[in-house]
Amino acid sequence: MPPNHSLPIRQAPPSAHAGAALAACPKSPGAASLYIHVPFCFHKCHYCDFYSIVDSRDRQSAFVDRLELELRALAPWAARPLHTIFVGGGTPSLLRPDLWRRLLASLAGLFDLSRIAAGEGEFTVECNPETVTPELMSILASGGVDRVSIGAQSFNEAHLKALERRHDPDNVARAVELARAAGIRRQSLDLIFAIPGQTPAQWRSDLETALSLNTEHISCYALTYEPNTAMTARLKRGEFQRADESLEADLFLLTRDLIRAGGLDAYEVSNFARAGAECRHNLAYWRQEEWLAAGPSASAHVGGRRWKNAPRLDDYLDRSFDGFSTILDFEEPDAGRALSERLMTGLRLREGLDSTTVLAAAGAFRPRAPARLSRVADRLRRQGWLQDSDRWTLTDSGILIADRIVVDFMAALDP
Ligand code: SF4
């Protein structure tokens, strides 16, 4: 579930391109993170609303040619050294091995990867369990990849079928082992809960299987029904019932308790890690740092501006703008939006938010906002949902209603 896709963005003139957006951004110190979107998949999973196309392999080469041009165009705005790279999709592990070799060589030539090589940064590639081979893992490891995020989703065949995920659950353990054998020292698993028909006992079994693989990081997201997905259409046709809210809350609590007992802790509402094994790239998103974006539908955040690359591969392959992508959405820096985003993502983190800096930014945005935000924080503390400290950090019970709390804080920014 790449957070790169989750940021709300408005429509902007279709003629814009990333080069025009970056022209207003300083090149130094540069964005410390880079997201790359690989749009190919075996087939379309029924719950998925990420941009992906069913791969026939015949356009992979053209895609990598185009991606290399884009990376070359973006490189002057990248921090030297780069801190994190995340290759998501789609199914990046579906790219042909020869194309992976080319892409990794380009990255090494265009960017300073010394911090990643020293183990102080992070280079993650998302993998589908079916596509993990010894050859691919060895290529990734030699190219500096030090973390794989494996889309397990479930270990229950009926639930995988309900999601239209087509992999053998046994291949998840195999993928973890192959990554380790190749020297990729960090592994993460993605799981989905609240799948139609799923019982707490079945979810417990999924979690126990995931924990038995001893990865340092697990992400667990409740199934969401996005507009225009096959899953939502099936729900509307009455083919199944969605999990109700109280079952979903029970499954969430079970997740937290079991994963904690397994030695990982929640550092974000849906993300669990051993100490020090948090996903550094996703933390850059959630802390509202800066990142460059390459590939169709990838979203960038540089110099307070946000934009999203054109989602269609055909549009992306168009080379009109010296390597830069066409962008369909663009937002100028906006203090109110930046504050809202800080609240939205920061409150979901275990580290919470530094109230002093948020209140200072709120005061510069709207003079009455700091007093209103402080009143909301005081009330939430009295209700036991916010911890009693200078940082705004949700308690265990507050995390259960994190979305409501974010809305309360954001309302305090209104005129
Ligand atoms: S593999 Fe991932 S990106 Fe591709 S269709 Fe399935 S959920 Fe979407």
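**Exercise 1: aromatic pairs.** Work out how many aromatic pairs the structure holds, and classify the one formed by Phe193 and Trp203.

*Solution.* Start with the rule: rings of Phe, Tyr and Trp (its six-membered ring) pair if their centres lie within 6.5 Å, and planes under 30 degrees apart count as stacked, over 60 as edge-to-face and the rest as tilted. The structure holds ten such pairs. For Phe193 and Trp203, the centres sit 5.3 Å apart with 35° between the planes, which is a tilted pair. Next, place the partners: Phe193 is in strand β7 (residues 186–193) and Trp203 in helix α8 (residues 200–212), ten residues apart. Helices (H or I, at least four residues) and strands (E, at least two) are DSSP runs, numbered from the N terminus.

A quick word on the model: it is predicted, so local features need pLDDT of at least 70 and side-chain atom pairs count only at pLDDT 80 or more, while totals for chains, interfaces and linings use all residues. Residues are numbered from 1 along each chain as its sequence is written, and side-chain values use heavy atoms, with hydrogens and water left out.

**Exercise 2: a second pair.** Decide how the rings of Trp392 and Phe409 are arranged, and whether each residue is buried or exposed.

*Solution.* The ring centres are 4.8 Å apart and the planes are at 25°, so this pair is stacked. Trp392 belongs to strand β16 (residues 391–392) and Phe409 to helix α17 (residues 402–411), 17 residues apart. For burial, use relative accessible area: buried is under 20%, exposed over 50%, partly exposed in between (1.4 Å probe, protein chains only). Trp392 has 2%, so it's buried; Phe409 has 0% and is buried too.

**Exercise 3: helix packing.** Describe how α5 packs with α7, and what kinds of residue make the contact.

*Solution.* Helix α5 (residues 134–142) and helix α7 (residues 170–182) pack at about 45°, with axes 9 Å apart. Axes are lines fitted to C-alpha atoms, for helices over the stretch in contact, and angles run from 0 to 180 degrees between N-to-C directions. That makes α5 oblique to α7, given that under 35 degrees counts as roughly parallel, over 145 as roughly antiparallel, 65 to 115 as roughly perpendicular and the rest as oblique. Now list the contact (heavy atoms within 4.5 Å): Pro134, Met137, Ser138 and Ala141 in α5 meet Leu178, Ala179 and Ala182 in α7. The contact residues divide into six nonpolar, one polar and no charged. Here Ala, Val, Leu, Ile, Met, Phe, Trp, Tyr, Cys and Pro count as nonpolar, Asp, Glu, Lys and Arg as charged, and the others, Gly among them, as polar.
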